[in-house]
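Open the structure in your viewer and keep the selection panel at hand. The stops below go from one selection to the next.

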There are 2 protein chains.
Amino acid sequence: MYLFSNVLGVFVFDEKFKVEDEILFKDLEEYNNKEKFIDKLLNKHKNLKEPDETAIKNILNYFKNKEFLGNFYDKNLQLAKLNVKNSVNNDNFIAQSVNFIGDIDKSINILVKRLREWYDLYNPEYSRSIQSHELFVQEILANEKHELLKKLGIDENGSIGANLSEKDLQPIKNIAHQIQDLYNLRKSQLDYISSLMDKSCPNIKAVCDVMIGSKLIEHAGSLKRLSEMPSSTIQILGAEKALFRHMKTGAKPPRHGIIVGHPLIAQSAEMMHGKIARALADKISIAAKVDFFHGQFIGDKLRKALEEKFINKN
Amino acid sequence: MYLFSNVLGVFVFDEKFKVEDEILFKDLEEYNNKEKFIDKLLNKHKNLKEPDETAIKNILNYFKNKEFLGNFYDKNLQLAKLNVKNSVNNDNFIAQSVNFIGDIDKSINILVKRLREWYDLYNPEYSRSIQSHELFVQEILANEKHELLKKLGIDENGSIGANLSEKDLQPIKNIAHQIQDLYNLRKSQLDYISSLMDKSCPNIKAVCDVMIGSKLIEHAGSLKRLSEMPSSTIQILGAEKALFRHMKTGAKPPRHGIIVGHPLIAQSAEMMHGKIARALADKISIAAKVDFFHGQFIGDKLRKALEEKFINKN
């Protein structure tokens, strides 16, 4: 006699492929715990065996019967839904969060441009004296025009900016507040990614920092795929355009992709970039593998090794 | 004897072009009230006359002296600054505000795309059931997942969306809040433009509504320039690309630019668009002229004439 199970239940077939006994699953939960039901039948019937190839064919023929079709369809649909539901994991949150930060930056850029242009009507001297957008927004929200001009040593009457009424200033302040909210959102988002990485990839976080680590995972598609990549691929991840240009035209191959923003590379001499990128990608590759297989935390050691090797040489 | 005034002061020259008397301005305010000082000298000296062409030449020669140069430079600079300062007016605020609304829309689009994608991991059924972004944001902030699914007649367990922890839901809610703030900002910005138009161009506002009227002013550069445009130009303002394509390739000329969004055009049959656009541009042209010269309010009559002519014919 043969034991056979599928999404509908557990079945015992006799040598003529008639159903001798069966336990039908009431819901997917029972299907997920099917071992329990299989054990039950194994205990009840003696001499049960796994069907061989010809037996399988006969058994599957039995299920081709129309009466099962609707049932199969329903159960498989439920199963597929459950799989979709369960496929959402930390990798998705990291990818969405990284892209969200990119979106926040885009929005900030659009709004800051407008803010600067508008504020120029009011106080062009101050706007031009300050490069950092974040600081600019902060300062104009915290200080009055004459205070800001005083910092530059300009008398308010000497400004070529117009005097705006409170009502005409309001929209300018509204933009500034909105931008400040976006900056705050960006910060809390970085904290969130950081906490996600503490859970799923502490080693990558230690080696690459939050932004670069999460960008690598987003770009690779998942932690799993990143862990399967050779370090040479990780090295140029994000520089696909340059890579294909190299392959098509024989231009120089890219030395680094996303990891170019890593402080070890960004803060070192141009000449050393390729060498550091290679070593860094190597360590990231190790970190990703350790993270994927839930190994112990070695990220700090990996990073220290890199820093000792390169920081003193610059 | 000649009376002459410039940015430095008021001067009386004798027939040999020597300074007989003078009053120097202490600041730009005195320059702006120069009539007072001119009257003073006119009362003091008899037989003062306006210098003729040759006299002017001699007088200007006198001021070529180096001792005046620094003084001229300072005073002219101050004057230029004051002019820049005073050149900021309602038109600038309207233009900035219209562009700001465009920027808000861009930011909303970027962030809504991210929100929808992220929220899809959690509750894809609801996200796909609702088209309007604004309503979508409102609803997901006001309701729990199971409430939203109930509206669609779906049981929470039947959803293929993942169950997210409060912590993983937070960033999604943050985006939604940010978008809601932007929608609110957009509304208050429209109110602000509306109040600006009440002051400087009530007739345009009555004929075109806030968005189209303000876009026309922004596109023309100022209310003054809009009031100087022939109605045929107003009709295709904003369709420059199509106009040049028409001139270069002989393609059909554009029938309307910015005004295509006007309810009279948008809600009427395609066939009538050109005709309505022409009549509408005509009324806008009148409204702009009346507004620029601060005439009385006739906007409601202009609009009513248009509506009577076209709304019943559709």
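The tour covers a contact between chains and then a contact between domains. Bear in mind throughout that the model is predicted.

**Stop 1: the two chains**

Colour chain A and chain B separately, then select the residues of each that touch the other. The selection should hold 42 residues from chain A and 42 residues from chain B. Between them the two chains bury about 3,900 Å², and carbon and sulfur atoms account for 60% of this area.

**Stop 2: polar links across the chains**

Show side chains at this interface. There are 2 salt bridges between chain B and chain A. For one of them, centre the view on A:Arg114 and B:Asp103, whose side chains form a salt bridge with an N to O distance of 2.7 Å. Counting residue pairs in polar contact, with both residues at pLDDT 80 or more, gives 12 between the chains.

Now hide chain A and keep the side of chain B that touches it. Select helix 4 (66-87), helix 5 (90-120) and helix 9 (166-200) of chain B: these are the elements that give two or more residues to that side. Colouring the side by residue class shows 17 nonpolar, 15 polar and 10 charged residues.

**Stop 3: the domains of chain A**

Bring chain A back and hide chain B. Colour residues 2-86 of chain A as domain 1, 90-193 as domain 2 and 201-310 as domain 3. Keep domain 2 and domain 3 of chain A; their centres, taken over C-alpha atoms, lie 34 Å apart. Here the contact takes 8 residues from domain 2 and 10 residues from domain 3.

**Stop 4: where domain 2 meets domain 3**

The two domains of chain A bury about 710 Å² between them, with 77% of it from carbon and sulfur atoms. Which residues of domain 2 lose the most area to domain 3? Select A:Asp91, A:Ile94 and A:Val98, which together make up 56% of what the domain 2 side buries.

Look next for polar links between domain 2 and domain 3 of chain A. The count of salt bridges is 0, while 2 residue pairs are in polar contact, both residues being at pLDDT 80 or more. On the domain 2 side, select helix 5 (90-120) and helix 9 (166-200) of chain A, the elements that give two or more residues to the contact with domain 3. Helix 5 of chain A gives the most, with 6 residues. By class, this side of domain 2 has 6 nonpolar residues, 1 polar and 1 charged.

Technical notes: Residues numbered from 1 in each chain as written. Chains lettered and ligands numbered in written order. Predicted model: local features only at pLDDT ≥ 70, side-chain atom pairs only at ≥ 80, totals over all residues. Heavy atoms only, no water. Contact = heavy atoms within 4.5 Å. Buried area = accessible area lost by both parts, 1.4 Å probe. Salt bridge = Lys/Arg side-chain N within 4 Å of Asp/Glu carboxyl O. Polar contact = N/O pair within 3.5 Å; in protein donor to acceptor, adjacent residues only side chain to side chain. Helix = DSSP H or I, 4+ residues; strand = E, 2+ residues; numbered from the N terminus. Nonpolar A, V, L, I, M, F, W, Y, C, P; charged D, E, K, R; others polar. Domains from an automatic or database assignment.
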